[in-house]
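Student: Before we discuss terms, could you put the sequence and the model in front of us? I would like to ask how each description is justified.

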Amino acid sequence: MEFEVIFRPENLSLFWEGMLNSLALLVASLVVGGVLALPLAVARVSDNLLISRPVWLFTYVLRGTPLLIQVYLIYYGLGQMEYIQARWDDSWLWKWFKEPFFCAALAFSLNTCAYTVELLAGAIRDTAHGEIEAAQACGLSRWATMRRIVLPSAMRRSLPGYSNEVIMMLHSTSLASAVPALLDITGAARSIYSDFYLPFEAFITAGAIYAVMTLALVALFRLAERRWLAHLQARTH
Amino acid sequence: MIKKSLLLGAVALAMSVSVSAKEWKEVRVAIDATYKPFTFKTPEGKPTGFDVDIAQALCDEIKAKCVFVEQVWDGMIPGLTAKKYDAIISSMSITEERKRQVDFTGRYYKTPSKIVIKSDIKSDGSPASLKGKKIGVLKGSTQEKYAMGELKGAGVTVVPYEAQDQVYLDMKAGRLDGTVADIIEVQGGFLDTPDGKAYGFVGQPLLMPKYFGDGVGVAVRKADKDLKEVMDKAIKTIRGNGSWQKISDKYFPGVDIWGQ
Amino acid sequence: MNAYLLNILQGSVLVVQVALGSLAVAVVLGLAGAMAKLSAHKPAVWLATVYSTLIRGIPDLVLMLLIFYGGQIGLNAVLEAVGYTDYLEIDPFLAGVLTIGFIYGAYMTETFRGAILAIPKGQMEAGRAYGMSALQVFMRITLPQMVRLALPGFTNNWLVLMKATALVSLLGLQDMTFLAKQAGAAARGEIANAPLLFFAFTGFIYLMFTTVSLVALRQLEKKYSMGVRRGSF
């Protein structure tokens, strides 16, 4: 094993650049996907089929197809449409599709949004019946109930499931290496592999980086749970 | 009990082993089928192209069966050393760097590369005139080595892709300003197509042996000296008896791709 | 155009084969892992924990690249050291199946372990008290209930596994995704919006697989839940 090759400055900086890109993708996708998920989750549990059905379709398609296909559809599929190509040098809207980072981030955002919507919707549905009754008895409107009682509670209860989703997203960012010109951790490892023919060293390093990041995220979520799910923690005495 | 499972294990191993034919009854040939018109696939998925036809002709000469194995370009040499196939006949240039890992036969064609960019960009082909432009190249190719070596330093953004036809897709999409590619390949695979209308060659034909080596040959493992010998002889034979010319005329009528 | 689509459809057969093969490997590894984690032997528990934690902490793609590219080289080195000169090839299909099976075996371990833990311990005790051997207890009491309890997690793992098969295209295996990508690039002149069309087609086929799986597994869940009392809402 020639791990010294990995520790050469130019290779280390390659991994560093990859790590920054992976983190940027992760944060961007989680923020956009998370923010979008809140209103969509409320729509998902609505009794009105005209509102809930489209959201159901959205989550069904996005959770039922591989993320890789979604990335390819946006980068290669949309990127090759004449309609968009004709406009993307001029229009601000389509200009973004030219950038590989944007295409990857968009695909990841939509994907995490779909999973988060289902997670949140499930938590909303599981809200204790008594709490909602009490809110109605106090005279809170449907909207106020949702905003002040149901959603905060549902978000807290989704925390363990959401931690899984965040870790899944971190792993999914490795697919960014499928888009040309986007260098993430996996892309850096593949580059080193094809330059030096050292598969073990390159991919073990990449795996180690991801494992460390995963552990960091797990620790972060454990702290979050201790704060926001204090009422559900196991009794220690 | 243990002896029995060892025996069963050995039998299973033996059954899944294909005997490496030292008499070379079958040659597994690696191709990257994204390099029209040298190596590509029909819509039904059958490999075809100049490289494929040459490979078939060579196999016929040495009385072996050609089995084509598809491989992504930058995994070509690792795959050969890992014994996933026995030969690479896919427009692989003979360079000093590659000769350290594998052996090559003599060449079976030689064509230069050139820079291709959008016609509305004024350039004389010098690295400085392309500063700030985005050039796409095939990962692991001699063109990539050239671009990284000469263009990157002059301020050109070089983007490696895993297949040359993905480069053309992004050129068509406007994500790239141009590419560095084999003259014949980019002509047949891009410039002659409707997508290539707004593009053209700039600068001189690129032949620096430092990057581009000396022609295109058949790559084999260093240990397979016998395969290299029979392939070399076969190349000479088909050059002599006109089959090489026939295949060349089929894809490139009137063009000399044997080179100097 | 139809020739391209037909070609991609043939790739879907490969996807099903890889998915089912990987599932078999994953279930076997999952059962073994769950038993190991729940056993009394400390080394077994430790090994199973390392297995499931490590695998779930590293992206599928990285593991696949490591096992696929590193595995063949490692195997060749081992064989050469032993003096075996002929080659033993790890067929790309086999590499894909083993890798995905290995990865999802870790997830199945957690699913099966959770399911076994959820069975009231008293039932296993009663079985032993009646004189049943450990194997009989497992086959007649634990296993049937484990199947029912593991079904939701199993369904989830199966759906994720099936979508993970798309990653084998990045190893060069000619599944649907690989063929769609190649066809999209090759047909760029002849067919307008070729990449979009071919990827959408591939996505649609995956959606079909997902739907069929969900329907089938829901039926299975109903069958195994016969006689189980559920609270009413």
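Student: What makes helix 6 of chain C, with its 31 residues, short of the span that a straight helix would reach?

Tutor: This is a predicted model, in which local features need pLDDT of at least 70, side-chain atom pairs count only at pLDDT 80 or more, and totals for chains, interfaces and linings use all residues. Residues are numbered from 1 along each chain as its sequence is written, while chains are lettered from A and ligands numbered from 1 in the order in which they are written. Helices (DSSP runs of H or I, at least four residues) and strands (E, at least two) are numbered from the N terminus. The expected span is 1.5 Å times one less than the number of residues; for helix 6 (residues 134-164) of chain C that gives 45 Å, whereas its end C-alpha atoms are only 36 Å apart.

Student: Where in helix 6 of chain C does a kink lie?

Tutor: A kink of about 55 degrees lies at C:Leu151, shortly before the proline C:Pro152, the bend being the angle between axes fitted to the seven residues ending at a residue and the seven starting there.

Student: Which residues of helix 6 of chain C are called buried?

Tutor: A residue is buried if 20 or more other C-beta atoms, placed from the backbone, lie within 10 Å of its own. Among those of helix 6 of chain C that qualify are C:Leu151, at the kink, and C:Phe154, C:Asn157 and C:Trp158. What covers the buried residues of this helix includes helix 1, helix 3, helix 4 (92-117) and helix 8 (194-224) of chain C.

Student: How many residues of chain C are in contact with chain B?

Tutor: Two residues are in contact if their C-beta atoms, placed from the backbone, lie within 7 Å; by that rule 19 residues of chain C are in contact with 27 residues of chain B. Helix 3 of chain C gives the largest share of the side of chain C that touches chain B, namely four residues.

Student: Why does the radius of gyration of chain B agree with that of a compact globule?

Tutor: The radius is taken over C-alpha atoms, and the globule rule is 2.2 Å times the number of residues to the power 0.38. With 260 residues a value near 18 Å would be expected, and chain B has 20 Å, so the two agree. Chain B holds 10 helices and 12 strands, and 48% of its residues count as buried. Its C-alpha trace spans about 75 × 50 × 35 Å along the principal axes.

Methods
A residue is buried if 20 or more other C-beta atoms lie within 10 Å of its own, exposed if 12 or fewer, and partly exposed in between; C-beta atoms are placed from the backbone.
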